[in-house]
Structure formats: structure tokens, C-alpha cells
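Here are some short exercises to work through with the structure open beside you. Try each task before reading its solution.

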Amino acid sequence: MNPFKDTLQRLRETFNAGRTRPEEFRAAQLRALGRFLQDNKQLLQEALAQDLHKSAFESEVSEISISQGEINLALRNLQAWMKDEKVPRNLATQLDSAFIRKEPFGLVLIIAPWNYPLNLTLVPLVGALAAGNCVVLKPSEISKNTEKALVEVLPRYLDQSCFAVVQGGPEDTQQLLEHKFDYIFFTGSSRVGKIVMAAAAQHLTPITLELGGKNPCYVDDNCDPQTVANRVAWFRYFNTGQTCVAPDYILCSPVMQERLVPALQSAITRFYGEDPRNSPDLGRVISEKHFQRLRGLLSCGRVAIGGQSDESDRYIAPTVLVDVVETEPVMQEEIFGPILPIVNVRSLDEAVDFINRREKPLALYAFSRSKQVVNQMLARTSSGGFCGNDGFMHLTLTSLPFGGVGASGMGSYHGKFSFDTFSHHRACLLRSPGMEKVNSIRYPPYSLRNVRLLLTAMETRGFSCTLL
């Protein structure tokens with residue numbers, strides 16, 4: 001017996017009835033989602049602390065406030081986002097109405113990860129609800145306390161005729177993916193992303209994949225090492241390094257490495273104290289499995305900072321590795337933990353070559369006092385996102401799309417990009433039933449004169465017309 005069949009049928013019937021399409025209904029669901037965050041803030045913070053040892057600061061900044069901000073933005077702009085978008089016409093359609101209508105896909109599935117179990121669940125949900133879809137939400141079973149809150153509490157706030165939260169592990173998710181959805185949004189690893197994409201292909205379902213990868217961080221010789229260290233240490237060890245856009249490794253010259261390592265040590269001590277294990281601001285690795293994987297990476301290269309671990313607490317100290325060889329495991333997989341390798345390069349050109357020999361990352365960072373160096377790195381590489389002289393601050397702008405390219409994913413979201421992701425952009429032309437004499441030039445028998453007239457009529461300023 002399939003446990004999801006009845007739920008999916010109920011949601012699809014709701015969508016087909018048109019219940020989710022009106023602006024008023026969408027806005028009501030978004031406001032209800034905001035009340036869920038406000039009413040259960042303490043519960044959610046406690047769940048995040050239990051799952052990831054996440055501090056109240058990190059929970060507020062990277063989970064709750066970001067989600068609330070997306071809700072507020074959608075509510076302010078919903079009417080404008082939904083409005084038909086007028087488009088230029090050609091001579092043949094001057095008296096007609098041409099526009100793009102943003103309509104919901106229908107029944108969408110959102111599969112969320114464990115590392116930011118609230119943010120990466122609710123932010124895409126905002127886009128799906130704003131676009132007028134019915135939604136099946138699958139939170140990660142690994143962040144079990146946050147999952148429990150989402151499963152037990154969130155449905156009390158949203159209309160259950162068009163929204164459902166489902167639980168389960170990999171086998172349950174595989175069974176869920178056997179069903180036909182109208183859109184799938186997945187955040188997680190490349191390995192699982194391939195499984196999700198293969199399942200979507202069985203139904204020709206469009207999909208967004210938010211994956212990860214090894215994000216490079218190039219540090220030029222002319223940087224102030226302490227400024228770089230402060231910024232890199234903060235966004236590398238934020239959420240214990242379990243962030244898909246965190247810098248996965250540093251590329252710098254041996255000279256800069258000699259200056260940067262003491263600066264990183266200074267920043268780590270200032271942020272987390274002499275013994276980071278006792279810091280309330282440093283999280284923990286999510287599970288025993290991930291802890292064992294990360295501890296195995298500590299044997300790569302040479303430990304310059306940190307390296308301590310405690311299995312009973314899933315604790316790994318903020319660590320910096322030097323003398324790292326690119327063939328070692330730490331350079332072959334996404335680290336996703338509080339370990340930062342430094343790889344030496346002799347020049348900007350060598351750094352660019354090193355990056356371009358690998359899969360395209362989700363994010364790329366470049367530090368330099370020279371705008372030319374930063375712009376060179378931007379121009380000569382490809383990544384989902386790019387930030388010069390800082391970490392993942394580009395994610396704080398809802399005016400920028402967030403998404404990968406190549407192996408780091410496909411599609412994007414945040415702000416209006418979320419609404420557009422969950423909307424089908426329908427091409428519409430409404431013509432007059434009359435004026436048949438004007439249209440007669442396109443009918444057989446064809447003549448050279450009529451072809452010339454027709455081609456002239458179909459030209460749009462700045463556009464060309466292709467007949468299929």
C-alpha cells in the first residue's frame with residue numbers, strides 16, 4: 001500500500017478546483033506561515049540547538065529572519081508578481097493583446113536538507129505558495145527535532161487541503177518520487193540529486209537542483225591577512241562549516257600562507273576562545289556518520305590549527321590544514337565541516353587554472369585590494385554565485401538569484417526568483433475574431449508579394465520571428 005496516494009490525490013483535487021489561484025488565498029497562506037515563525041520561535045530555536053548545537057544568533061540570522069524576510073517580501077510584491085506582463089508586438093498584432101501570464105505549475109514537491117533545516121525548507125515554500133501551487137514538503141529526517149516541529153506544528157497554520165508535510169527516510173522518499181509531480185525542488189548532495197533527477201525524468205517533471213561542491217577562495221598577496229582571516233573564519237566555521245556556500249579551500253601563495261595562518265589562529269581564538277569546545281557559538285556535526293567522515297579528513301596534509309575531536313559530542317575543532325596535496329581525499333569531496341585546507345599557487349593564472357580544472361562550484365570567493373584581480377577571477381571562471389572580498393553575503397540580497405551551475409545545480413530562487421521558479425510563464429496572444437481580410441495575405445496560393453508583406457508585418461523592433 002502506498003502511504004502517499006490519498007494525500008497527493010487530495011492536493012491535486014484542490015488545485016484542479018482552483019482554490020490556490022486567487023491572490024487573497026495565497027496571501028493568507030503566507031501570513032499564516034509568518035505566524036508559524038512568530039508563534040513558535042522558541043520551539044524552533046530549541047530544535048535547531050538540539051539538532052546542530054546552533055546558537056540563538058545563528059538561528060535568528062540564518063534561519064528565522066531570512067524566512068520571515070522572504071514572507072514579507074512576497075506579501076509586499078505579490079500583486080505585482082502575479083500581474084500579466086505585457087510584451088512588445090509586431091505590425092501584424094498591433095491591435096491584439098500579447099502578454100506573459102504567470103500561472104502555478106500545480107502539485108509541487110520540496111525536498112529539504114538537514115544543514116539549514118528551517119531556511120532551506122521554508123524559503124522555497126514561500127515561493128511555491130506565492131505562485132499558487134499545492135505543496136508536499138519533505139523535511140530531512142536527519143535534523144529530527146526540526147523535522148518534528150515542521151510535521152507536528154506547521155500543518156496547523158496552513159490549509160491542509162493544499163499543503164502536506166511527509167516524513168520518512170531514503171526509501172520513503174524514493175517511493176514518494178515514483179508519483180507524478182508538476183515541479184520538484186531539491187536541495188542536497190549531488191549523489192541524491194542525480195536520483196531525484198532520474199525520478200523526475202520518468203514523468204518529464206521540471207526540476208530545480210540546489211546542490212553543492214568545492215567552493216574556492218582565492219587570496220591575493222596584497223590583502224591584509226587579518227581582515228581576510230576574520231571574514232574567512234566567520235563564514236567557514238559558521239554552522240560548523242555545514243554550509244553549501246562555505247569556502248571549501250583557500251588558494252594562495254606560500255608567502256600569503258605564512259601571514260594568513262597566524263591571522264586565522266587569532267580570529268578563531270577571538271571568536272571561540274582558547275578552547276572552542278566550550279564556546280556557545282560553535283555548533284556540532286549533525287551525526288555520527290558525518291563526524292567519522294570528517295575525522296578521517298583530518299589526516300590529510302598537516303594540521304596547522306585545531307585538529308581536536310570528541311566523538312561523544314560530535315565535536316571537531318575549527319581546523320586549518322596546510323601542505324595539502326590536491327589528490328588527497330580532502331580535495332576530492334565537499335568537506336561540509338569545520339576543516340579548511342590551504343593549497344598553494346604561484347599566481348592568479350595558476351589559481352584560475354586550478355579552479356577551471358574542476359566542476360563548477362556553487363560559490364567562488366576572491367580577496368584582493370586590486371579590483372582588477374577580483375574582476376579577472378570573476379571573468380575567467382564560472383560558479384553559481386561570486387563574492388569579492390567577503391563570504392556568503394551575496395545570499396542576503398533577495399535581488400540576486402541563488403543557485404548553481406553545472407555540477408553545483410540548476411535553477412535558482414530567493415525573492416522574486418522563487419516566485420518565477422514555481423510559476424509557468426505562459427505565452428498568451430488574444431486576437432480579434434474579425435479583420436480576416438488583413439490575415440488573408442498568409443493563406444495560399446502564396447506569392448512573392450504576400451511573403452514580403454507578411455515578413456514585414458511579423459518583424460518586431462529588436463526581435464526576429466521564427467516560424468515553426
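**Exercise 1. A parallel pair and its sheet**

Task: In this predicted model, find how many bridges join strand 8 to strand 9, then place the pair in its sheet.

Solution:
- Start with the pair itself. Strand 8 (residues 216-219) and strand 9 (residues 249-252) run parallel and are joined by three bridges.
- Pick out one facing pair: Cys217 stands opposite Ile250 in strand 9.
- Now widen the view. The sheet is open, has seven strands with mixed pairing, and follows the order 10-13-14-9-8-15-16.
- Look at the two ends of that order. Strand 10 (302-305) and strand 16 (385-388) are the edge strands, and each has a single partner, so one side of each lacks a neighbour in the sheet.
- From one strand to the next, the twist averages 25°.
- Finish with the helix on this sheet. Helix 13 (residues 371-380) lies across strand 8, strand 15 (363-367) and strand 16, and runs at about 170° to strand 16.

**Exercise 2. The six-stranded sheet**

Task: Which strands stand at the edges of the open sheet of six strands, and which helix packs on the sheet?

Solution:
- Write down the order, which is 5-4-3-6-7-17, with mixed pairing.
- Read off the edges: they are strand 5 (163-165) and strand 17 (409-410), and each has a single partner strand, so one side of each is left without a neighbour in the sheet.
- Next, take a pair from the order. Strand 3 (residues 107-111) and strand 6 (residues 183-187) are paired in the parallel sense over four bridges, and Ile110 stands opposite Phe185 in strand 6.
- The helix is helix 7 (residues 170-177), which touches strand 3, strand 4 (134-138) and strand 6. The direction of helix 7 makes about 160° with that of strand 3.

**Exercise 3. Two partners of helix 4**

Task: Work out how helix 2 and helix 3 are each oriented against helix 4.

Solution:
- Begin with helix 2 (residues 23-39), which packs against helix 4 at an angle of about 165°, with the axes 10 Å apart. An angle over 145 degrees counts as roughly antiparallel, so helix 2 is roughly antiparallel to helix 4.
- The crossing of these two helices is left-handed.
- Check the residues that meet. From helix 2 they include Leu30, Leu33 and Leu37, and from helix 4 they include Ile71, Leu75 and Leu78. The residues of this contact divide into ten nonpolar, five polar and three charged.
- Turn to helix 3 (residues 41-52). Its angle with helix 4 (residues 56-82) is about 110°, with the axes 10 Å apart. The two are therefore roughly perpendicular to each other.
- Here Lys41, Gln45 and Leu48 in helix 3 meet Ala56, Ser59, Glu60, Glu63 and Ile64 in helix 4. By class, that contact has three nonpolar, two polar and three charged residues.

**Exercise 4. One alanine in a loop**

Task: Is Ala317 buried or exposed, and which residues does Ala317 touch?

Solution:
- Locate Ala317 in the loop between strand 12 (315-316) and strand 13 (319-322).
- Its relative accessible area is 1%. Buried means under 20%, so Ala317 is buried.
- Leaving out residues up to four places away in sequence, Ala317 touches Gly306, Gly307, Gln308 and Pro338.
- Gly307 and Ala317 are ten residues apart in sequence, and their C-alpha atoms are 5.9 Å apart in space.

Definitions and conventions:
Residues are numbered from 1 along each chain as its sequence is written. This is a predicted model: local features need pLDDT of at least 70, side-chain atom pairs count only at pLDDT 80 or more; totals for chains, interfaces and linings use all residues. Side-chain values use heavy atoms; hydrogens and water are left out. Axes are lines fitted to C-alpha atoms, for helices over the stretch in contact, and angles run from 0 to 180 degrees between N-to-C directions. Angles under 35 degrees count as roughly parallel, over 145 as roughly antiparallel, 65 to 115 as roughly perpendicular and the rest as oblique. Contact means heavy atoms within 4.5 Å. Ala, Val, Leu, Ile, Met, Phe, Trp, Tyr, Cys and Pro count as nonpolar, Asp, Glu, Lys and Arg as charged, and the others, Gly among them, as polar. Two strands pair if DSSP finds at least two bridges between them. Buried means under 20% relative accessible area, exposed over 50%, partly exposed in between (1.4 Å probe, protein chains only). A crossing is left-handed if the near helix is turned anticlockwise from the far one by less than a right angle, and right-handed if clockwise.
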